[in-house]
Amino acid sequence: MTETKWFGWRGKLLRVDLSRRRIAAESIDPHLARDFIGARGWGIRYLLKEVDPACDPFGPENKLMMACGPLTATAAPTGARYVITTKSPLSGAITVSNSGGYFPAELKKTGYDMIIVEGVAAEPVYLWIDGERAELRNAAHLWGKTTHETDDILRSETDEKAKTAVIGPAGENRVLFAAIMNDRDRAAGRGGVGAVMGAKKLKGIVVRGASEVALADPQAFKEANARYRDRFRIAAQKLPPALRTHGTAITAAATQQRGVFPTRNFRTGQFEGWEAIYGETLTKRFLVKSKPCFSCPIACGRVTRIPEGPFQGEGEGPEYETIYSLGSDCGISDLAALTKANYLCNELGLDTISMGSAVACAMELYEKQVIDASVTGFPLVWGDGAALVELVKQTAFRTDFGDRLAEGSFRLASRYGHPELAMVSKGVDFAGYDPRGSQGMGLAYATSPMGASHMRGDTAYCELLGVPYAIDPLSWQDKAKLVAKWQDAFSIIDAAGLCVFFSVRYLMDGTLDVRPTGILELLNAATGAGYTLEELEQAGERIFNAERLFLMRAGFDRSHDTLPPRIVSDPMPDGPAKGMVCHLSEMLDAYYPLRGWSQDGKPTAEKLQQLGL
């Protein structure tokens, strides 16, 4: 039997058994590789096969899948992503967390597409991968250290050119929304992946690559790559890209204008202090330079510095989702305070979205006199930036009131008898778009297998930004098909190892069907897999349905495809979406049949057979 020749993919994964301190390389089935593309697809394929959906997320039976895509570490525009898949301690469902930077490409260059971490270490360890050689090393001296300190020490102990993915104190202390931080300030943030890593006593992973990714047709890949980069370059010459100039925080201008910029725990969709915290203000006050990920022409990352005052510091960010969650959602217009809180989230290893949402929920509980200073330790009022900064610290270390915030907004609100005040779906906090004024986002939040993530199908691109085409954000009758198409398209983007920022603008065909024509061309030139467009789209649908299958087996059904009463029952009080609620029930009735699911939200036997599941 001849050995498979791999292009795009490396064809191997590294299995790390922490309980037995065993490390082994395994070959990947070529048919699995093609059917599930890579990254997000491989993560759910292995999770579905190897992990009991009913398991304890912090137990040894849960596994952490860290996978690259076939375009990761290639010259494809934004070929810089990897995906972490596991059972979430925040939701009890699957979570899929995505990050860029340089760590993913470096991991792929070691010769491995994927790492599967299983078991629980007896003492803190870190994983060092040097080329194809891998070993576990003691990390007791790193326990308790910040992500930045850990990155510095790990590179000094291994190779200064190595890249790291680590947890901070939040992950060690099992904060339910702890992040895994790579390249110091890039976050795989959602769903508590850092807490799972902390429960396994794995402090970090260090990688140093030694080989480049082989391509099936280098000339075809080069030509396609140049063509799509030229498309970006020509557009940038006509209009400098806002993401490069002002970062993702510029999005606040659009959400404010559309009346969907979440304010004071989603009470309304417009914030009177928005101009003090959005992208242009961040650029004027704190920007040092823009920073790209590997192979990225956009460079939306922000290196920033607060030069003086009580919140003095430097780091990366904040991004739009952080501007919303630590800013408008908490009624905070102090850019220095929310930027400092963002730095601390990065250094301590916290998801900024869930952190801000927990504080916003607590502020409303305080305002309604459900809790008081005897619980919080100090007055907790809208707009208090100093309180926000203090609560970030308390949460990461689970001290004082932070120990309750560390359980997330839904558990916090439920503890005090008001679960309706948590702006979540499946226990996971909303991203920065109010579904009353962006109906498609409401359906996407509710049906996402991992809870309210915008990264599982972000219809806000077309509803609010007109990318790659414009559609009425207030209509709901036409959103079922749109959401399903975007969810499948995002599955393909994530699985390929690409960033959505470039993909939705330059690698889709620009029609209502959001067909991934550019990704198809790059994937086939890289891998030689010979996908047809229909096969690639079916692979995206397969990935999304596999995640739904895990969700169902974990005990979820239609009753969990919900949004809070504030979103579906309380009309938006003001702004362009005034009087609107999210018409979720009507959209679900249309969405399930389109998906080939029963009316209780389960994929039918016919649909699973069609997808090979």
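**Figure 1. The surface and the overall build of the protein.** In this predicted model, the protein exposes about 20,200 Å², and carbon and sulfur atoms supply 50% of that area. Turning from the outside to the inside, 64% of the 613 residues count as buried. Secondary structure here adds up to 26 helices and 17 strands. The radius of gyration is 22 Å, close to the 25 Å that the globule rule gives for 613 residues, so the protein is as compact as a globular protein of that length. If you drew a box around the C-alpha atoms along the principal axes, it would be roughly 70 × 55 × 50 Å.

**Figure 2. Charges and contacts across the whole chain.** Here we stay with the whole protein a little longer. Its side chains include 70 positive and 74 negative ones. Take the centre of each set, and the two centres turn out to lie 3 Å apart. As for who touches whom, look at contacts with a separation of 6 or more: residues 24 or more positions apart account for 69% of them.

**Figure 3. Strand 7 and its two partners.** Strand 7 covers residues 125–130, and strand 8 covers residues 133–138. The two pair in the antiparallel sense, over 6 bridges. Together they make a hairpin with 2 residues between the strands. Gly 131 sits in that turn, with a positive phi of about 65°. Want to trace the pairing yourself? Start with Val 125, which stands opposite Asn 138 in strand 8, then go to Tyr 126, which stands opposite Arg 137. Strand 7 also pairs with strand 12 (residues 202–208), this time in the parallel sense and over 6 bridges. On that side, Trp 128 has Val 206 of strand 12 as its bridge partner. Strand 7 is mostly covered, with 5 of its 6 residues buried.

**Figure 4. Gly 440 in helix 18.** Helix 18 runs over residues 439–447, and Gly 440 has its place there. Is Gly 440 buried or exposed? Its relative accessibility is 0%, so Gly 440 counts as buried. Setting aside neighbours within four places in sequence, Gly 440 is in contact with Thr 459, Glu 463, Lys 479 and Val 483. Leu 584 is 144 residues away from Gly 440 in sequence, yet their C-alpha atoms are 9.1 Å apart in space.

**Figure 5. Thr 447, also in helix 18.** Thr 447 lies in helix 18. With a relative accessibility of 0%, Thr 447 counts as buried. Which residues is Thr 447 in contact with, leaving aside its neighbours within four places in sequence? The list is Lys 426, Val 483, Gln 487, Phe 544, Arg 548, Asp 561, Leu 588 and Tyr 591. Val 483 may ring a bell, since Gly 440 is in contact with Val 483 too. For a sense of distance, Lys 12 is 435 residues from Thr 447 along the chain, and 32 Å separates their C-alpha atoms.

**Figure 6. Two cis peptide bonds.** Most peptide bonds are trans, which makes this pair of views worth a pause. A cis peptide bond joins Gly 317 and Pro 318, with omega about 10°. Pro 318 has its place in the loop between strand 15 (313–316) and helix 11 (320–325). Another cis peptide bond joins Val 467 and Pro 468, and here omega is about -10°. You'll find Pro 468 in the loop between helix 19 (460–464) and helix 20 (479–496).

**Figure 7. Two loop residues with a positive phi.** Most residues other than glycine have a negative phi. Asn 265 is not a glycine, but its phi is positive, near 60°. Asn 265 belongs to the loop between helix 9 (251–258) and helix 10 (279–286). With a relative accessible area of 1%, Asn 265 is buried. Gln 369 isn't a glycine either, and has a positive phi of about 65°. The loop that holds Gln 369 lies between helix 13 (352–367) and helix 14 (373–376). Is Gln 369 buried or exposed? Gln 369 is exposed, with a relative accessible area of 70%.

How values were computed:
Residues are numbered from 1 along each chain as its sequence is written. This is a predicted model: local features need pLDDT of at least 70, side-chain atom pairs count only at pLDDT 80 or more; totals for chains, interfaces and linings use all residues. Side-chain values use heavy atoms; hydrogens and water are left out. Helices (H or I, at least four residues) and strands (E, at least two) are DSSP runs, numbered from the N terminus. The radius of gyration is taken over C-alpha atoms; the globule rule is 2.2 Å times the number of residues to the power 0.38. Buried means under 20% relative accessible area, exposed over 50%, partly exposed in between (1.4 Å probe, protein chains only). Contact means heavy atoms within 4.5 Å. Accessible areas come from the Shrake-Rupley method with a 1.4 Å probe; for residues, only the protein chains shown count as cover. Lys and Arg count as positive and Asp and Glu as negative; His and the chain ends are not counted. The place of a charge is taken as NZ of Lys, CZ of Arg, CG of Asp or CD of Glu. Two strands pair if DSSP finds at least two bridges between them.
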